[in-house]
Amino acid sequence: MRIKRVEADTVAEALRELRRELGEHALILHTRQLPPRGVTGWFRSARVEVLGAVDEPELLRAPAARSDAGASAFARMQQEAAARLQGATSAGVGAEPARAPASREAQRQAVAERLARFRAVTPTLPLGTTPAPAGRRDGAVRDAGGRPTGGDTATPAPGPPVEAGLGGVRFAGDARDPGVRPARRVAFVGPTGAGKTTTLAKLAARAQLDEGRRVGLVTIDTYRIGAVPQLAAYAEILRVPLEVAHTAEELARALGRLADREVVFIDTIGRSPLGGGVDALVPFLAVASADEVHLVLAATTRPADSIRAAASFARLAPNRLVITKLDETEDHSAVVEVARATGLPLAWFGVGQEVPDDLEPATAERLGGLLAGGGR
Ligand SMILES: Nc1nc2c(ncn2[C@@H]2O[C@H](COP(=O)(O)OP(=O)(O)OP(=O)(O)O)[C@@H](O)[C@H]2O)c(=O)[nH]1
Ligand SMILES: [Mg+2]
């Protein structure tokens, strides 16, 4: 593996430089903001450091690929990167392959390959993309008959009749009706480690690959070590632009730069619901003015703690509920309890770590099936 470190003013610029040096398959190992240097540093805008790597076989293949095809692929990559940096509407970006149904399959294949390569090269990175176990998704949620449900948004597995006892639980399914204008900005909030970034990545991948929408990503999580690289890796894999915002003002500018994107997913920093941590997010959410604010809670958290967390995050005005890690518990009654107590409509169920597959639309049938199946 060859590793290279790059310093630049923005993450996007650094990524472009890395790709130039290491090729299209460069993987992002680490990103951090550099502290200002010396007294004059106070007056300079912050720079970022990005560490990238590439498998040696990729490099060995490079000379052979110095054909016209290789050269044009590289030129295309550069054009795309340049266009992305400018938030351009140039022909290259405007005619994004994601829009053409014929090339969407190829794009999906390319993303799957990049995910696989990423897993192979960086097995220890904190990504929500662990390899599928043999037999695929063995730990995934199953329906009442013990069948794995799959994660297909379009065809949720038919469950048994809705269980009695779901009274008071709301579902956000209506929002996915074709007639309803799709959200343009989607934010994710919730306690630490609940699965915000992973859920964001799953939904971003679907929006791009299944719906052919032009996707942008923004993170304001510049606090946790590894948070930016985690999302940067997904941005790289999906080939979508990522903006990093440290302040509400930066977020406003970042959203402006992503104005050509049909949907922008906004990741936030995980906050303990206790103490004043959630308050710090208020100005960001105000600037984000997201159509959808997903409160992400894990099914493995005690219901009382989830309900307390939801009360604390209420000041960020979430309007959707995502319950993750349903695959990690057999007691799904907590989902009902939490959904009922918060009054938020259930939107998605996270059923594993795999991006983008392990996400299911939350429906009454599905929840009824989970409960009827004794948690399987
Ligand atoms: N089993 C399982 N694991 C999940 C699911 N969703 C997320 N995870 C895992 O949970 C861990 C935390 O996920 P993240 O997406 O980083 O959580 P986060 O809320 O963004 O975390 P912070 O940004 O640190 O607050 C990762 O290891 C994910 O792979 C799920 O539905 N099932
Ligand atoms: Mg996160």
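Begin with the whole chain in view: contacts between residues 24 or more positions apart make up 76% of the contacts with a separation of 6 or more. The coordinates are those of a predicted model. The chain holds 12 helices and 11 strands, and 48% of its 376 residues count as buried.

**First stop: helix α6**

Select residues 196-209, which form helix α6. From its first C-alpha to its last, this helix of 14 residues reaches 20 Å, close to the 20 Å expected at 1.5 Å a residue. Is α6 mostly covered, or is it exposed? It is mostly covered, with 14 of its 14 residues buried.

Now add residues 227-238, helix α7. Two packed helices are described by the angle between their axes and the distance between the axes. For α6 and α7 the angle is about 15° and the axes lie 11 Å apart. Because angles under 35 degrees count as roughly parallel, α6 is roughly parallel to α7. The crossing of these two helices is right-handed.

To view the contact itself, display the side chains of Thr-197, Thr-198, Leu-200, Ala-201, Ala-204, Ala-205 and Gln-208 on α6. Their counterparts on α7 are Gln-230, Leu-231, Tyr-234 and Leu-238. By class, the residues of this contact comprise 7 nonpolar, 4 polar and no charged. An α-helix has 3.6 residues a turn, so residues three or four places apart point the same way.

**Second stop: the loop after α7**

Move on to Arg-239, in the loop between α7 and β6 (242-244). Most residues other than glycine have a negative phi. Arg-239 is not a glycine, yet its phi is positive, at about 60°. Its relative accessibility is 14%, so Arg-239 counts as buried.

**Third stop: helices α10 and α11**

Select α10 (residues 303-313) together with α11, the latter spanning 333-342. How do their axes cross? They come within 9 Å and cross at roughly 25°, so α10 and α11 are roughly parallel to each other. This crossing, too, is right-handed.

On the α10 side, the contact is made by Pro-303, Ser-306, Ile-307 and Ala-310. On the α11 side, the residues to display are Ala-334, Glu-337, Val-338, Ala-341 and Thr-342. The residues of the contact divide into 6 nonpolar, 2 polar and 1 charged.

**Fourth stop: the loop before α11**

Select Lys-325, which lies in the loop between β9 (320-324) and α11. Lys-325 is not a glycine, but has a positive phi of about 60°. With a relative accessible area of 26%, Lys-325 is partly exposed.

**Fifth stop: Phe-349 in strand β10**

Strand β10 covers residues 346-350 and contains Phe-349. Is Phe-349 buried or exposed? Its relative accessibility is 0%, so Phe-349 counts as buried.

Display the surroundings of Phe-349, leaving aside neighbours within four places in sequence. Its contacts include Ile-323, Leu-326 and Val-335. Others among them are Asp-358, Leu-359, Glu-360, Pro-361, Ala-362 and Thr-363, as well as Arg-366, Leu-367 and Leu-370. A further distance to display is that from Phe-349 to Ala-298, 51 residues apart along the chain, whose C-alpha atoms are separated by 9.5 Å.

**Last stop: a cis peptide bond**

Finish at Pro-356, in the loop between β10 and β11 (359-361). Most peptide bonds are trans. The bond that joins Val-355 and Pro-356 is cis, with omega about 5°.

How values were computed
Residues are numbered from 1 along each chain as its sequence is written. Chains are lettered from A and ligands numbered from 1 in the order in which they are written. This is a predicted model: local features need pLDDT of at least 70, side-chain atom pairs count only at pLDDT 80 or more; totals for chains, interfaces and linings use all residues. Side-chain values use heavy atoms; hydrogens and water are left out. Helices (H or I, at least four residues) and strands (E, at least two) are DSSP runs, numbered from the N terminus. The expected span of a helix is 1.5 Å times one less than its number of residues. Buried means under 20% relative accessible area, exposed over 50%, partly exposed in between (1.4 Å probe, protein chains only). Axes are lines fitted to C-alpha atoms, for helices over the stretch in contact, and angles run from 0 to 180 degrees between N-to-C directions. Angles under 35 degrees count as roughly parallel, over 145 as roughly antiparallel, 65 to 115 as roughly perpendicular and the rest as oblique. A crossing is left-handed if the near helix is turned anticlockwise from the far one by less than a right angle, and right-handed if clockwise. Contact means heavy atoms within 4.5 Å. Ala, Val, Leu, Ile, Met, Phe, Trp, Tyr, Cys and Pro count as nonpolar, Asp, Glu, Lys and Arg as charged, and the others, Gly among them, as polar.
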